[in-house]
Amino acid sequence: MSANESAIGLAADALETPALVLDLDAYRRNVRRMAEYITGRHGLHWRPHMKGQKAPPLALEAVKAGAIGVTCATLYEAEAMAAAGVASILIANQIVGERKLDRLARLAQRTPGVIAATDSLTHARMLAAAVARAGGALQVLIEVNVGMNRCGIAPGEATVELAGEIHTALPSLRLAGLMGWEGHVLSFDDPTKQARIDEAMTALTSSAGACRAAGIPIGIVSSSGSGTFRMAAPLPGITEVQAGGGVFSDLNYQKWGLTEHEFALTVLTRVVSRPATDRVIVDGGFKTMSVQHGLPKPQGLAIKNLALSAEHGTLELAESSPEQPAIGSLVSFIPGYTDSTVCLHDEMCVVEGGRLVAVWPIPGRTGRREWAS
Ligand SMILES: Cc1ncc(COP(=O)(O)O)c(C=O)c1O
(Lines give C-alpha, C1' and ligand atoms only; values in the text may rest on other atoms or scores of the structure.)
Protein backbone atom coordinates (compact mmCIF):
# COMPACT_ATOMS: atom_id res chain seq x y z
CA MET A 1 0.00 0.00 0.00
CA SER A 2 1.33 3.43 -0.86
CA ALA A 3 1.70 6.20 1.71
CA ASN A 4 -1.47 7.97 0.65
CA GLU A 5 -3.75 4.99 0.00
CA SER A 6 -4.33 4.83 3.73
CA ALA A 7 -5.58 8.43 3.58
CA ILE A 8 -8.54 7.60 1.32
CA GLY A 9 -11.62 9.22 2.82
CA LEU A 10 -9.61 11.85 4.67
CA ALA A 11 -9.50 15.57 3.86
CA ALA A 12 -6.92 16.45 1.19
CA ASP A 13 -4.82 18.38 3.69
CA ALA A 14 -4.05 15.07 5.44
CA LEU A 15 -2.06 13.83 2.45
CA GLU A 16 1.58 12.94 2.89
CA THR A 17 3.59 15.31 0.77
CA PRO A 18 4.85 15.86 -1.81
CA ALA A 19 1.80 14.53 -3.65
CA LEU A 20 0.46 14.82 -7.16
CA VAL A 21 -3.19 15.81 -6.75
CA LEU A 22 -5.99 15.57 -9.28
CA ASP A 23 -9.08 17.70 -8.68
CA LEU A 24 -11.58 15.26 -10.16
CA ASP A 25 -14.36 17.81 -10.71
CA ALA A 26 -12.11 20.32 -12.49
CA TYR A 27 -10.58 17.51 -14.55
CA ARG A 28 -14.03 16.25 -15.60
CA ARG A 29 -15.06 19.77 -16.60
CA ASN A 30 -11.94 20.02 -18.78
CA VAL A 31 -12.72 16.62 -20.32
CA ARG A 32 -16.23 17.80 -21.13
CA ARG A 33 -14.84 21.00 -22.69
CA MET A 34 -12.56 18.99 -24.98
CA ALA A 35 -15.15 16.35 -25.86
CA GLU A 36 -17.76 19.00 -26.54
CA TYR A 37 -15.47 21.00 -28.84
CA ILE A 38 -13.95 18.08 -30.74
CA THR A 39 -16.81 15.62 -31.04
CA GLY A 40 -19.84 17.84 -30.41
CA ARG A 41 -18.94 21.02 -32.26
CA HIS A 42 -16.68 19.65 -35.01
CA GLY A 43 -17.92 16.07 -35.37
CA LEU A 44 -14.42 14.58 -35.10
CA HIS A 45 -13.21 11.59 -33.16
CA TRP A 46 -11.23 12.34 -29.99
CA ARG A 47 -8.23 10.13 -29.27
CA PRO A 48 -6.54 11.88 -26.31
CA HIS A 49 -2.80 11.47 -25.93
CA MET A 50 -1.95 9.68 -22.68
CA LYS A 51 1.80 10.37 -22.68
CA GLY A 52 1.32 13.06 -20.07
CA GLN A 53 -1.71 11.60 -18.29
CA LYS A 54 -0.48 8.02 -18.00
CA ALA A 55 -2.91 6.72 -15.37
CA PRO A 56 -5.29 4.23 -17.08
CA PRO A 57 -8.43 5.38 -15.18
CA LEU A 58 -8.03 8.72 -16.99
CA ALA A 59 -8.28 6.91 -20.32
CA LEU A 60 -11.48 5.21 -19.17
CA GLU A 61 -12.89 8.58 -18.06
CA ALA A 62 -12.19 10.06 -21.51
CA VAL A 63 -13.77 7.08 -23.26
CA LYS A 64 -16.83 7.48 -21.03
CA ALA A 65 -16.98 11.11 -22.14
CA GLY A 66 -16.94 10.12 -25.81
CA ALA A 67 -13.31 9.52 -26.79
CA ILE A 68 -12.91 6.83 -29.45
CA GLY A 69 -9.81 5.48 -27.71
CA VAL A 70 -6.40 6.86 -26.81
CA THR A 71 -3.04 7.82 -28.25
CA CYS A 72 0.12 6.58 -26.52
CA ALA A 73 3.78 7.46 -26.85
CA THR A 74 5.22 4.13 -25.75
CA LEU A 75 4.41 0.48 -26.13
CA TYR A 76 4.36 0.21 -22.35
CA GLU A 77 1.72 2.90 -22.00
CA ALA A 78 -0.31 1.08 -24.64
CA GLU A 79 -0.01 -2.20 -22.77
CA ALA A 80 -1.21 -0.53 -19.57
CA MET A 81 -4.17 1.05 -21.39
CA ALA A 82 -5.10 -2.27 -23.04
CA ALA A 83 -4.90 -4.08 -19.70
CA ALA A 84 -7.32 -1.49 -18.28
CA GLY A 85 -9.78 -2.27 -21.08
CA VAL A 86 -9.22 0.50 -23.63
CA ALA A 87 -10.10 -1.03 -27.00
CA SER A 88 -8.63 1.40 -29.53
CA ILE A 89 -5.03 2.51 -28.97
CA LEU A 90 -2.81 4.43 -31.36
CA ILE A 91 0.91 4.19 -30.56
CA ALA A 92 2.08 7.40 -32.22
CA ASN A 93 5.73 6.36 -32.25
CA GLN A 94 7.87 3.94 -34.22
CA ILE A 95 8.39 0.73 -32.20
CA VAL A 96 11.79 -0.76 -32.99
CA GLY A 97 13.85 -3.68 -31.66
CA GLU A 98 12.95 -7.32 -32.16
CA ARG A 99 11.74 -8.16 -28.65
CA LYS A 100 9.71 -4.98 -28.43
CA LEU A 101 8.24 -5.59 -31.89
CA ASP A 102 7.23 -9.09 -30.80
CA ARG A 103 5.60 -7.61 -27.74
CA LEU A 104 3.71 -5.16 -29.98
CA ALA A 105 2.52 -7.99 -32.25
CA ARG A 106 1.29 -9.95 -29.22
CA LEU A 107 -0.47 -6.85 -27.89
CA ALA A 108 -2.23 -6.45 -31.25
CA GLN A 109 -3.36 -10.09 -31.08
CA ARG A 110 -4.96 -9.48 -27.69
CA THR A 111 -6.24 -6.02 -28.58
CA PRO A 112 -7.00 -5.77 -32.31
CA GLY A 113 -7.73 -2.05 -31.93
CA VAL A 114 -4.01 -1.32 -31.48
CA ILE A 115 -2.62 0.85 -34.27
CA ALA A 116 1.13 1.27 -34.76
CA ALA A 117 2.85 4.20 -36.49
CA THR A 118 5.44 3.85 -39.21
CA ASP A 119 7.27 6.28 -41.47
CA SER A 120 9.47 4.12 -43.71
CA LEU A 121 9.35 0.93 -45.70
CA THR A 122 12.30 -0.41 -43.69
CA HIS A 123 10.32 0.00 -40.48
CA ALA A 124 7.05 -1.25 -42.00
CA ARG A 125 8.87 -4.44 -43.01
CA MET A 126 10.04 -4.85 -39.39
CA LEU A 127 6.43 -4.54 -38.24
CA ALA A 128 5.34 -7.10 -40.84
CA ALA A 129 8.10 -9.51 -39.79
CA ALA A 130 6.97 -9.29 -36.15
CA VAL A 131 3.38 -9.96 -37.20
CA ALA A 132 4.58 -12.94 -39.23
CA ARG A 133 6.36 -14.35 -36.14
CA ALA A 134 3.36 -13.82 -33.85
CA GLY A 135 0.55 -14.45 -36.33
CA GLY A 136 -2.45 -12.21 -36.90
CA ALA A 137 -2.46 -8.70 -38.32
CA LEU A 138 -1.59 -5.18 -37.26
CA GLN A 139 -3.22 -1.86 -38.08
CA VAL A 140 -0.79 0.92 -39.02
CA LEU A 141 -0.90 4.66 -39.59
CA ILE A 142 1.76 6.37 -41.66
CA GLU A 143 3.30 9.30 -39.81
CA VAL A 144 3.71 12.28 -42.11
CA ASN A 145 6.17 15.08 -41.36
CA VAL A 146 3.91 18.14 -41.32
CA GLY A 147 6.77 20.52 -40.48
CA MET A 148 7.96 19.45 -37.05
CA ASN A 149 10.98 17.67 -38.53
CA ARG A 150 10.95 14.88 -35.96
CA CYS A 151 9.74 11.52 -37.29
CA GLY A 152 7.52 11.32 -40.35
CA ILE A 153 7.82 10.74 -44.05
CA ALA A 154 7.61 13.72 -46.41
CA PRO A 155 4.04 14.62 -47.39
CA GLY A 156 2.76 14.07 -50.93
CA GLU A 157 4.46 11.64 -53.30
CA ALA A 158 6.67 9.93 -50.70
CA THR A 159 3.65 9.27 -48.49
CA VAL A 160 1.65 7.87 -51.40
CA GLU A 161 4.53 5.60 -52.37
CA LEU A 162 4.90 4.20 -48.83
CA ALA A 163 1.14 3.81 -48.48
CA GLY A 164 1.07 1.91 -51.79
CA GLU A 165 3.85 -0.46 -50.66
CA ILE A 166 2.14 -1.20 -47.35
CA HIS A 167 -1.25 -1.61 -48.98
CA THR A 168 -0.10 -3.96 -51.71
CA ALA A 169 3.10 -5.68 -50.53
CA LEU A 170 2.63 -6.11 -46.77
CA PRO A 171 -0.78 -7.76 -46.39
CA SER A 172 -0.41 -8.46 -42.65
CA LEU A 173 -0.34 -4.68 -42.09
CA ARG A 174 -3.72 -2.99 -42.39
CA LEU A 175 -3.20 0.59 -43.47
CA ALA A 176 -5.67 2.54 -41.35
CA GLY A 177 -4.64 6.04 -42.42
CA LEU A 178 -2.23 8.90 -41.78
CA MET A 179 -1.15 10.97 -38.80
CA GLY A 180 0.82 14.19 -38.39
CA TRP A 181 1.70 16.24 -35.34
CA GLU A 182 2.10 20.00 -35.73
CA GLY A 183 4.13 20.40 -32.52
CA HIS A 184 6.45 22.97 -34.14
CA VAL A 185 3.74 25.65 -34.10
CA LEU A 186 2.86 25.51 -30.40
CA SER A 187 4.59 28.68 -29.28
CA PHE A 188 3.64 30.90 -32.23
CA ASP A 189 1.22 33.74 -31.63
CA ASP A 190 -1.80 34.46 -33.73
CA PRO A 191 -2.18 35.02 -36.68
CA THR A 192 1.10 33.23 -37.53
CA LYS A 193 0.00 30.22 -35.48
CA GLN A 194 -3.22 29.74 -37.43
CA ALA A 195 -1.36 30.11 -40.73
CA ARG A 196 1.24 27.52 -39.73
CA ILE A 197 -1.48 25.12 -38.54
CA ASP A 198 -3.26 25.58 -41.87
CA GLU A 199 -0.03 24.70 -43.71
CA ALA A 200 0.61 21.64 -41.55
CA MET A 201 -2.94 20.33 -41.86
CA THR A 202 -2.92 20.92 -45.60
CA ALA A 203 0.25 18.84 -45.87
CA LEU A 204 -1.51 16.03 -44.02
CA THR A 205 -4.94 16.16 -45.61
CA SER A 206 -3.62 16.66 -49.15
CA SER A 207 -1.43 13.57 -48.65
CA ALA A 208 -4.54 11.65 -47.61
CA GLY A 209 -6.31 12.94 -50.73
CA ALA A 210 -3.37 11.90 -52.96
CA CYS A 211 -3.41 8.38 -51.46
CA ARG A 212 -7.12 8.06 -52.08
CA ALA A 213 -6.68 9.33 -55.65
CA ALA A 214 -4.12 6.54 -56.13
CA GLY A 215 -6.72 3.99 -55.00
CA ILE A 216 -5.35 3.52 -51.48
CA PRO A 217 -8.09 3.73 -48.86
CA ILE A 218 -7.34 6.14 -46.03
CA GLY A 219 -9.80 6.11 -43.15
CA ILE A 220 -8.09 7.90 -40.29
CA VAL A 221 -6.43 11.33 -40.58
CA SER A 222 -5.15 12.00 -37.05
CA SER A 223 -3.45 15.11 -35.70
CA SER A 224 -3.23 17.92 -33.19
CA GLY A 225 -2.53 18.51 -29.51
CA SER A 226 -3.86 20.56 -26.65
CA GLY A 227 -2.00 23.67 -27.79
CA THR A 228 -3.33 23.51 -31.36
CA PHE A 229 -6.61 21.59 -31.60
CA ARG A 230 -8.90 24.56 -31.23
CA MET A 231 -7.40 26.00 -34.41
CA ALA A 232 -6.94 22.68 -36.23
CA ALA A 233 -10.31 21.01 -35.60
CA PRO A 234 -12.34 23.40 -37.80
CA LEU A 235 -10.11 22.63 -40.81
CA PRO A 236 -11.43 20.16 -43.39
CA GLY A 237 -10.06 16.64 -43.85
CA ILE A 238 -9.01 15.70 -40.32
CA THR A 239 -10.95 12.81 -38.81
CA GLU A 240 -9.56 12.71 -35.29
CA VAL A 241 -7.72 14.80 -32.71
CA GLN A 242 -4.97 13.59 -30.37
CA ALA A 243 -5.09 16.45 -27.83
CA GLY A 244 -4.67 15.01 -24.35
CA GLY A 245 -2.85 17.08 -21.72
CA GLY A 246 -5.49 19.82 -21.82
CA VAL A 247 -7.56 17.67 -19.47
CA PHE A 248 -5.13 18.79 -16.75
CA SER A 249 -4.09 22.16 -18.16
CA ASP A 250 -0.97 23.90 -16.79
CA LEU A 251 1.00 27.13 -17.19
CA ASN A 252 2.40 25.94 -20.48
CA TYR A 253 -0.90 24.97 -22.08
CA GLN A 254 -2.27 28.31 -20.95
CA LYS A 255 0.64 30.06 -22.66
CA TRP A 256 -0.07 27.97 -25.76
CA GLY A 257 -3.61 29.35 -25.89
CA LEU A 258 -5.71 26.91 -23.84
CA THR A 259 -6.99 29.68 -21.63
CA GLU A 260 -10.50 28.35 -20.98
CA HIS A 261 -9.33 25.24 -19.08
CA GLU A 262 -8.97 24.90 -15.29
CA PHE A 263 -5.81 23.81 -13.52
CA ALA A 264 -6.95 20.33 -12.49
CA LEU A 265 -3.58 18.84 -11.55
CA THR A 266 -1.41 20.32 -8.83
CA VAL A 267 1.53 19.32 -6.68
CA LEU A 268 0.90 19.55 -2.97
CA THR A 269 3.91 20.32 -0.78
CA ARG A 270 4.43 21.20 2.87
CA VAL A 271 6.55 23.91 4.43
CA VAL A 272 9.44 22.18 6.17
CA SER A 273 11.54 25.19 7.20
CA ARG A 274 11.34 28.99 7.60
CA PRO A 275 15.03 29.89 7.87
CA ALA A 276 14.37 33.62 7.21
CA THR A 277 11.32 35.89 7.23
CA ASP A 278 11.37 36.13 3.45
CA ARG A 279 12.29 32.47 2.79
CA VAL A 280 10.04 29.42 2.73
CA ILE A 281 11.31 25.90 2.14
CA VAL A 282 8.88 23.20 0.91
CA ASP A 283 9.35 19.46 0.49
CA GLY A 284 9.11 19.48 -3.30
CA GLY A 285 12.02 20.06 -5.65
CA PHE A 286 12.86 19.12 -9.21
CA LYS A 287 12.30 15.42 -8.50
CA THR A 288 8.67 16.32 -7.78
CA MET A 289 7.99 19.23 -10.14
CA SER A 290 9.44 19.49 -13.63
CA VAL A 291 11.37 22.53 -14.76
CA GLN A 292 11.04 21.52 -18.42
CA HIS A 293 9.12 24.28 -20.26
CA GLY A 294 9.03 26.53 -17.18
CA LEU A 295 8.84 26.56 -13.40
CA PRO A 296 5.71 25.67 -11.41
CA LYS A 297 3.81 28.44 -9.63
CA PRO A 298 2.78 28.39 -5.95
CA GLN A 299 -0.89 29.18 -5.42
CA GLY A 300 -1.84 31.93 -2.98
CA LEU A 301 1.69 33.18 -2.27
CA ALA A 302 3.36 36.20 -3.83
CA ILE A 303 6.99 35.33 -4.49
CA LYS A 304 10.05 37.06 -5.94
CA ASN A 305 11.81 33.86 -6.82
CA LEU A 306 11.51 30.08 -6.82
CA ALA A 307 14.48 27.71 -6.93
CA LEU A 308 14.14 23.94 -7.08
CA SER A 309 16.85 21.60 -5.87
CA ALA A 310 16.33 17.84 -5.75
CA GLU A 311 13.89 17.59 -2.84
CA HIS A 312 13.60 21.23 -1.75
CA GLY A 313 11.70 24.16 -3.15
CA THR A 314 13.04 27.53 -2.02
CA LEU A 315 10.54 30.36 -2.24
CA GLU A 316 11.64 33.93 -1.75
CA LEU A 317 8.58 35.86 -0.60
CA ALA A 318 7.70 39.15 -2.26
CA GLU A 319 7.15 40.59 1.23
CA SER A 320 8.72 39.35 4.44
CA SER A 321 6.35 37.43 6.68
CA PRO A 322 7.76 35.84 9.83
CA GLU A 323 4.60 33.84 10.70
CA GLN A 324 2.99 32.72 7.45
CA PRO A 325 3.24 30.30 5.85
CA ALA A 326 4.12 28.37 8.99
CA ILE A 327 6.13 25.19 9.17
CA GLY A 328 3.76 22.30 8.42
CA SER A 329 1.35 24.33 6.29
CA LEU A 330 0.56 23.35 2.72
CA VAL A 331 1.69 25.03 -0.49
CA SER A 332 0.07 23.86 -3.71
CA PHE A 333 1.84 24.39 -7.06
CA ILE A 334 0.44 24.66 -10.57
CA PRO A 335 2.88 22.69 -12.74
CA GLY A 336 4.76 24.51 -15.48
CA TYR A 337 4.23 21.42 -17.64
CA THR A 338 2.07 18.54 -16.39
CA ASP A 339 3.47 16.13 -18.99
CA SER A 340 6.97 16.20 -17.53
CA THR A 341 5.68 16.40 -13.93
CA VAL A 342 3.36 13.36 -13.91
CA CYS A 343 6.19 11.04 -14.97
CA LEU A 344 8.12 11.99 -11.81
CA HIS A 345 5.42 10.35 -9.68
CA ASP A 346 4.32 6.78 -8.97
CA GLU A 347 0.75 7.71 -8.16
CA MET A 348 -1.92 10.38 -8.51
CA CYS A 349 -4.06 11.34 -5.51
CA VAL A 350 -7.63 11.91 -6.67
CA VAL A 351 -9.56 14.48 -4.68
CA GLU A 352 -13.29 15.13 -4.90
CA GLY A 353 -15.15 17.58 -2.69
CA GLY A 354 -11.98 18.21 -0.68
CA ARG A 355 -11.46 14.51 0.21
CA LEU A 356 -9.11 11.90 -1.15
CA VAL A 357 -11.28 9.40 -3.05
CA ALA A 358 -8.69 7.29 -4.88
CA VAL A 359 -5.00 6.81 -5.52
CA TRP A 360 -4.24 5.88 -9.13
CA PRO A 361 -0.93 4.25 -10.02
CA ILE A 362 1.04 5.87 -12.82
CA PRO A 363 2.62 3.32 -15.16
CA GLY A 364 6.34 3.81 -15.46
CA ARG A 365 8.57 3.97 -18.49
CA THR A 366 9.47 0.28 -18.51
CA GLY A 367 7.21 -2.58 -19.51
CA ARG A 368 5.60 -4.57 -16.73
CA ARG A 369 5.34 -8.31 -17.28
CA GLU A 370 1.72 -8.50 -16.13
CA TRP A 371 0.60 -6.06 -18.82
CA ALA A 372 2.45 -7.92 -21.56
CA SER A 373 1.15 -11.40 -20.71
C1 LIG B 1 2.14 12.61 -31.65
C2 LIG B 1 1.63 13.65 -30.73
N3 LIG B 1 0.33 14.03 -30.82
C4 LIG B 1 -0.20 14.96 -30.01
C5 LIG B 1 0.58 15.57 -29.04
C6 LIG B 1 -0.06 16.57 -28.13
O7 LIG B 1 -0.25 16.05 -26.87
P8 LIG B 1 -0.90 16.92 -25.70
O9 LIG B 1 -2.25 17.29 -26.15
O10 LIG B 1 -0.93 15.99 -24.53
O11 LIG B 1 -0.02 18.10 -25.48
C12 LIG B 1 1.93 15.23 -28.93
C13 LIG B 1 2.75 15.92 -27.95
O14 LIG B 1 3.92 15.77 -27.79
C15 LIG B 1 2.47 14.24 -29.78
O16 LIG B 1 3.75 13.87 -29.68
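**The cavity, the largest pocket and the ligand**

In this predicted model, one cavity of 30 Å³ or more is counted. The largest cavity has a volume of about 40 Å³. Its lining is formed by E143, V144, N145, V146, M148, R150, C151 and W181. By class, this lining comprises five nonpolar residues, one polar residue and two charged residues.

Attention now turns from the enclosed space to the open one. The volume of the largest pocket is about 500 Å³. Its lining is made up of 26 residues, of which H49, K51, R150, W181 and Y337 are the closest to the pocket centre. Two of these names, R150 and W181, also appear in the lining of the largest cavity. Sorted by class, the residues that line the largest pocket are nine nonpolar, 13 polar and four charged.

Where does the largest pocket lie with respect to domain 1 and domain 2? Domain 1 covers residues 5–20 together with 261–361, and domain 2 covers residues 24–246. Because both domains contribute residues to the lining, the largest pocket lies between them.

The ligand occupies this site: it sits in the largest pocket. The shell around the ligand consists of 14 residues, with S226, Q242, G244, G245 and Y253 as the closest. This shell contains five nonpolar, seven polar and two charged residues.

Which residues place a polar atom by an oxygen atom of the ligand? For K51, a polar side-chain atom lies 3.5 Å from a ligand oxygen. In W181, an N or O atom of the side chain is 3.4 Å from an oxygen atom of the ligand. G244 takes part through its backbone, where an N or O atom lies 2.8 Å from a ligand oxygen. The ligand taken alone exposes 400 Å², and the protein buries 92% of that area.

Several residues thus recur along this path. K51 is among the residues closest to the centre of the largest pocket, and its side chain approaches a ligand oxygen to 3.5 Å. W181 lines the largest cavity and is likewise listed among the residues closest to the pocket centre. G244 belongs to the residues closest to the ligand.

Note on methods. Residues numbered from 1 in each chain as written. Predicted model: local features only at pLDDT ≥ 70, side-chain atom pairs only at ≥ 80, totals over all residues. Heavy atoms only, no water. Near = heavy atom within 4 Å. Polar contact = N/O pair within 3.5 Å; in protein donor to acceptor, adjacent residues only side chain to side chain. Areas by Shrake-Rupley, 256 points an atom, 1.4 Å probe, with all protein chains shown as cover. 1 Å grid on protein atoms, 1.4 Å probe; cavity = no way out; pocket = protein on both sides within 12 Å on 5 of 7 lines; lining within 4 Å. Sits in = over half its atoms within 2 Å of the grid points. Nonpolar A, V, L, I, M, F, W, Y, C, P; charged D, E, K, R; others polar. Points joined across faces, edges and corners; volume = space filled by probe spheres on them. Domains from an automatic or database assignment.
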